[in-house]
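Colleague: Could you take a close look at the salt bridges for me? I would like to hear how the partners are placed and how buried or exposed they are.

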Amino acid sequence: MARTKEFDPDAALQAALELFWRRGYEATSMADLVEGLGIARASIYATFGSKHELYLRALERYNEQHDPGLLAELSQPGPVLPAVRALVRRYAGMGGEDRKRGCFITNTAVELAPHDEAAARRVEVSYDHLETALTAALLRAEAQGELPAGREPRALARMLVVLLQGIRVVGKTAEGEPRVRDAAEQALTLLG
């Protein structure tokens, strides 16, 4: 008779997400995962496969948890540009542990995407989702007369995606905070 799992796989996946997000892929050993998840190595392999497969599932979980709020924020009725500005300023204003930890997607783009096709695909999916949400919001802003003439919503959305990811990288250091704030405010002037 097969044994039942003596742990919650969902909770273990969330613990893995937090560990990978804080430490990165390479710096997280299987011993770290065993300790951090509180389950045996064999259980990790049996439930999630390899360390790499667990990492990719944690990355997918991160996307599931963080993307819906963004879409809701940008699709509220009424003026659009205040929501876009608030989003950019929120990224630029991250402090403390959130600033140091950064964005799991951005961290993956820097650490793994250049040599890991599966990780790169998941990063691109996240970027595409963010770009689509921003493009839709900026198209609404254009239709509502909020954007100055001659602004291209999709190009602005792409610029904002690059800016937000750059904010996450440069903002990891305390010295980066003034750069991040100034860059964010300059970029927002393009919105009008």
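Modeller: Happy to! In this predicted model, a good place to begin is the salt bridge between the side chains of Arg101 and Glu18, with an N to O distance of 2.8 Å. This pair ties together distant parts of the chain, since Arg101 sits in helix α6 (residues 96-101) and Glu18 in helix α1 (residues 9-23), 83 residues apart. Arg101 has a relative accessibility of 18%, and because the cut-off for buried is under 20%, Arg101 counts as buried. Its partner Glu18 is partly exposed, at 28%.

Next come pairs within one helix. Glu117 and Arg121 meet in a salt bridge at 3.0 Å, N to O. They are four residues apart in helix α8 (residues 117-143), so about one helical turn separates them. Here Glu117 is exposed, with a relative accessible area of 60%, while Arg121 is partly exposed at 46%.

Helix α10 holds another such pair: the side chains of Arg181 and Glu177 form a salt bridge at 3.8 Å, N to O, again with four residues, or about one turn of the helix, between the partners. Arg181 is partly exposed at 43% relative accessibility, and Glu177 is partly exposed too, at 26%. Elsewhere, Glu131, Arg154 and Arg158 are joined into one network by salt bridges that share partners. Altogether, the count comes to 10 salt bridges.

Methods: Residues numbered from 1 in each chain as written. Predicted model: local features only at pLDDT ≥ 70, side-chain atom pairs only at ≥ 80, totals over all residues. Heavy atoms only, no water. Helix = DSSP H or I, 4+ residues; strand = E, 2+ residues; numbered from the N terminus. Buried < 20%, exposed > 50% of the residue type's maximum accessible area, 1.4 Å probe, protein only.
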